[in-house]
Amino acid sequence: MNVAALRLFLAALAVVPLIAGCSSEGSTVVDPNADKRAQISLFAVSKMDSSDLVRYSELTETFDPNEFERANGISLSGPIDAIYNFETKLYLHQRDQGMIRVVDLQTRKLLGTVTGFPTKADGRMCSMAFSNASQAWVVCHGSKNLYQVDLHSNVISDTIPLPADPTFVGTIGTHVFVCMQLPDSTGQIGILESNSGGVFTINKTLSVSSPVIFASPSTYATDYFFLTSGTASGTPAKTYYLNLETLDMLYDLELGIVPLVNYIGMEPTYAAYTRSESLYLALPSAVVQIPFGGYPTDWIPGYYPVLAADPYSDLVYATSPDSLQVKRRASDGTDLPDLTAPSPVHSIFFLGVNRGE
């Protein structure tokens, strides 16, 4: 059974207990908005020399601007380069300032600021991942370090030297995957354990043909995939698939796309992964959809390296840097009317349905 068929089989099995569990519940309450798009998203936008968060509701088809400024009475200087979420908080990366703003998910209240990351020539933040309620990890391209962040105190609690320049960091359970670029332009994945008692060392390394620019666990958490950039000298971009039980590579696939070397060291606003096991990736000619274990197909024509996908519905938003126009495409391939944001968009994050209202 191939990878895609196995995932469809597992999904079918997951539905059976849900149906059986509803048999004694009596009448079903139908959500009157169930047939409508109800996703809520946040746009990180720039305004002159400051930035803010703008909320958009698919249900009401309206923008609600100045969410951060209204909640805190101040504006943010410099752009918000990426939005991350863990549990009840948002983490807003500001690369030029070397800081992360910690914001309450529901109220947008500023809860703290993590400072001390390198800036500009000394390295710039390019990825963040979370192990548990108290522990996160950040890498900065140009700085050969892995930064551990204490999520309770909002401080850098440890700096772990790395053997090469990091390009991405990912986690699942206690595993921390630090992806690096070697001097010969090949890639390496170092595996650490988050519960190592405070002494963090790379326990295992895996070689890949070029630097990793995006990675994620599969929906069923049996595998982890890594997307490599390819190189200008002809090394192709690939996806690598890791068995999470053995921590060995299962296989890799050449994607047949142009090398994405410009994404090395950038925040991964150019890619999004959903629970349907679909990776959406911005190429110079189109946003493509790549199924887990499969090959890319064109999804949205054009170059839109700022994108996001709702993980549950596969509604995709995509825009060009500093543009006001946002492309939208539904999971069934329906192209929806463009949105016109109130300010140029730098990053997009889906809050979900009826969250953060």
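Mentor: A disulfide here is a pair of cysteine sulfur atoms within 2.5 Å. Keep in mind that this is a predicted model.

Trainee: How many disulfides does the rule give?

Mentor: The count comes to zero.

Trainee: Where is the nearest cysteine sulfur to Cys126?

Mentor: In Cys140, at 6.7 Å. Cys126 is in no disulfide.

Trainee: And which cysteine sulfur is closest to that of Cys179?

Mentor: That of Cys126, 9.7 Å away. The gap is too far for a bond.

Trainee: Is Cys126 buried or exposed?

Mentor: Buried, with a relative accessible area of 0%. Cys179 is buried too, with a relative accessible area of 0%.

Trainee: Switching topic. How many helices and strands does the chain have?

Mentor: Two helices and 29 strands.

Trainee: What about strand 13, how many of its residues are buried?

Mentor: Eight of its eight residues. Strand 13 covers residues 165-172.

Trainee: How does strand 13 pair with strand 14?

Mentor: In the antiparallel sense, over seven bridges. Strand 14 spans residues 175-181. To find the register, look at Pro166, which stands opposite Met180 in strand 14.

Trainee: What sits between the strands in that hairpin?

Mentor: Two residues lie between strand 13 and strand 14. In this hairpin, Gly173 takes a positive phi near 60°.

Trainee: Now the sheet with strands 25, 26, 27 and 28. What is its order, and is the sheet open or closed?

Mentor: The order is 25-26-27-28, and the sheet is open. Its pairing is antiparallel.

Trainee: Why is one side of strand 25 left without a neighbour in the sheet?

Mentor: Strand 25 (306-309) stands at an edge and has a single partner strand, so one side lacks a neighbour in the sheet. The same goes for strand 28 (335-340).

Trainee: What is the average turn between neighbouring strands there?

Mentor: 20°, with direction ignored.

Trainee: How many bridges join strand 27 and strand 28?

Mentor: Four, in the antiparallel sense. Strand 27 runs over residues 325-329. Val326 has Leu339 of strand 28 as its bridge partner.

Trainee: What holds strands together in general?

Mentor: Strands of a sheet pair through backbone hydrogen bonds, either parallel or antiparallel.

Trainee: Last topic, the whole chain. What share of the residues counts as buried?

Mentor: 52% of the 357 residues. The accessible surface comes to about 15500 Å². Carbon and sulfur atoms hold 54% of that surface.

Trainee: And what share of the contacts joins residues 24 or more positions apart?

Mentor: 44%, taken over the contacts in the chain with a separation of 6 or more.

Definitions and conventions:
Residues numbered from 1 in each chain as written. Predicted model: local features only at pLDDT ≥ 70, side-chain atom pairs only at ≥ 80, totals over all residues. Heavy atoms only, no water. Pairing = 2+ DSSP bridges. Axes fitted to C-alpha atoms, helices over the stretch in contact; angles between N-to-C directions. Buried < 20%, exposed > 50% of the residue type's maximum accessible area, 1.4 Å probe, protein only. Contact = heavy atoms within 4.5 Å. Areas by Shrake-Rupley, 256 points an atom, 1.4 Å probe, with all protein chains shown as cover.
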